[in-house]
Amino acid sequence: MTEHAKNKNAGQGRFSQMPQHKRLLGVWWVLNMLVLGALAAYVLRVLALS
Amino acid sequence: MNGIALSGLYLFVVLIPLGLAMAGMREPRGFWDEAASGMGMLAFAILLAEFLLSGRFKAMSGGVGMDITMRFHQLLARSCLVLAILHPFFYQTPFGRALPYDPTRQLTLAEPGLALATGAAAWVLLPAFVLLSLARDKVFKTYEGWRWTHGLGAALIAFLAWHHTVYAGRYAQDPALAAVWTGLLAIALASLLSVYLVRPLLQRARPWRVASVEKVADRTWEAVLKPEGHKGLEFRAGQFGWINMGHSPFSLAENPFSIASAPAESGVLRFIIKELGDFTNTIGNVPPGTIAYVDGPFGNLTIDGIKATGHALIAGGVGIAPMLSILRQLEAERDDRPVIVVYGNRIADQIVAGAELRSLCSKDNRHLVQCLSEPPEGWAGETGMLDGALVRRVFGSTPDPDWLYILCGPPAMMSGVEVALIGLGVPSDRILLERFTYD
């Protein structure tokens with residue numbers, strides 16, 4: 001591997017070096033967390049309003 | 001649309017009902033009741049978003065690839081199912097008539113009636129629908145039967161859930177939110193109409209004719225289609241199309257196949273089709289002259305527009321079809337970048353276009369590696385499975401990360417080769433593959 005390529009690979013994050021199906025599961029997990037976060041904000045407003 | 005934009009659109013569609021409910025400033029019910037309402041709204045919004053991820057909409061899948069949008073369609077169905085199943089269990093407030101001093105129904109849930117019955121029906125049908133989808137290969141004898149059931153079943157569940165949401169949902173009593181639900185349902189149903197009605201109409205105006213169907217290897221055929229009264233299909237090497245041979249364009253009797261011909265071969269489309277059940281087992285009986293319809297092109301297994309100093313085409317079995325397209329196009333363009341073709345099969349009789357591959361790879365900077373897991377006596381090529389070990393033998397311990405590695409074949413083969421390439425330091429964005437089977 002050339003020095004340029006090694007440097008380039010070193011800059012890649014762990015996520016981008018996962019196989020495609022694992023990366024998709026990761027994105028799905030993030031989307032689920034964002035949706036659940038919105039649900040939590042929606043529900044917790046009850047406490048804020050009470 | 002790229003992945004980030006698609007994710008943003010998904011979140012926007014899914015969260016807008018929840019946002020409108022919050023903005024409505026309606027006095028909330030208790031904590032658990034609000035959790036139940038929120039889950040119900042999210043489940044229904046995800047269900048509606050699923051329609052757009054399932055269709056053949058290039059605006060949705062063009063950037064990330066249809067295999068990716070289809071995988072998200074499958075994964076998000078699970079998210080939807082969990083939220084939908086939990087939704088009714090969190091309610092604490094009793095059912096009952098609206099009280100005169102409680103016009104916003106803070107103190108009672110909807111009266112038992114049609115709106116609850118439709119919700120219950122959707123609640124029962126949705127898990128059955130998801131299970132049916134997961135077991136589709138065992139349950140359905142034909143791809144056509146599966147598609148009709150999936151499309152009509154999804155429309156029925158969406159309509160039942162819409163009725164329940166709009167007529168039993170407390171927050172949907174706000175006209176703005178009710179309009180959003182109805183608008184999203186309309187978009188979802190329009191996407192079905194587009195696939196089941198509009199696309200067939202467009203295909204009917206652009207028919208094709210089967211020029212020949214010839215056996216090219218063991219249980220493997222090459223079908224050649226010629227355009228009938230039009231210029232043909234503009235596509236990029238490596239893409240695929242849904243092909244319907246001998247049926248009405250409205251029949252849904254169509255199957256996806258990779259295009260094996262090069263875009264440079266004007267007009268003609270060649271497909272390599274292996275007998276794998278359903279329609280493909282009858283491909284040898286399709287007579288020349290049969291009318292056919294092509295929906296496409298689709299797919300991102302293409303080297304166009306991606307900088308690379310060389311190309312590795314790694315195919316297992318009938319996965320050679322898109323590689324032939326790419327190789328034929330490189331030859332037509334007199335592309336002098338190096339190419340390594342790695343082609344795996346079980347037996348020698350399964351090798352497709354062996355002589356052409358040897359001819360195309362006879363140049364100095366091209367190399368053909370053939371691999372058989374059950375080689376005949378005197379076989380001079382590689383033996384064993386097309387796996388990580390073969391990848392290491394072919395590309396060494398330091399594959400060039402500036403090449404493009406294009407994979408097509410059985411899911412296990414693609415996974416093994418992908419993991420091996422990444423392990424050898426190839427950046428994942430230099431590996432192209434399309435995988436449609438996960439579950």
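Buried means under 20% relative accessible area, exposed over 50% and partly exposed in between, for a 1.4 Å probe and protein chains only. The model is predicted, so local features need pLDDT of at least 70 and side-chain atom pairs pLDDT 80 or more, while totals for chains, interfaces and linings use all residues. Residues are numbered from 1 along each chain as its sequence is written, chains are lettered from A and ligands numbered from 1 in the order written, and side-chain values use heavy atoms, without hydrogens or water.

**View 1. Cysteines of chain B.** B:Cys80 counts as buried because its relative accessibility is 3%. B:Cys408 is in no disulfide (a pair of cysteine sulfur atoms within 2.5 Å); the nearest cysteine sulfur, that of B:Cys371, is 16 Å away. At 15% relative accessibility, B:Cys408 also counts as buried. Over all chains, the structure holds 0 disulfides.

**View 2. Helix α12 of chain B, residues 411-423.** Helices (H or I, at least four residues) and strands (E, at least two) are DSSP runs, numbered from the N terminus. The end C-alpha atoms of α12(B) are 18 Å apart, in agreement with the 18 Å expected for 13 residues at 1.5 Å a residue, where the expected span is 1.5 Å times one less than the number of residues. B:Gly425, with a positive phi near 100°, follows α12(B).

**View 3. Surroundings of α12(B).** Among the buried residues of α12(B) are B:Met413, B:Val417, B:Glu418 and B:Leu421. Their cover includes α2 (20-49) of chain A, and β7 (311-316), α11 (388-395), β11 (404-408) and β12 (431-433) of chain B.

Conventions. Contact = heavy atoms within 4.5 Å.
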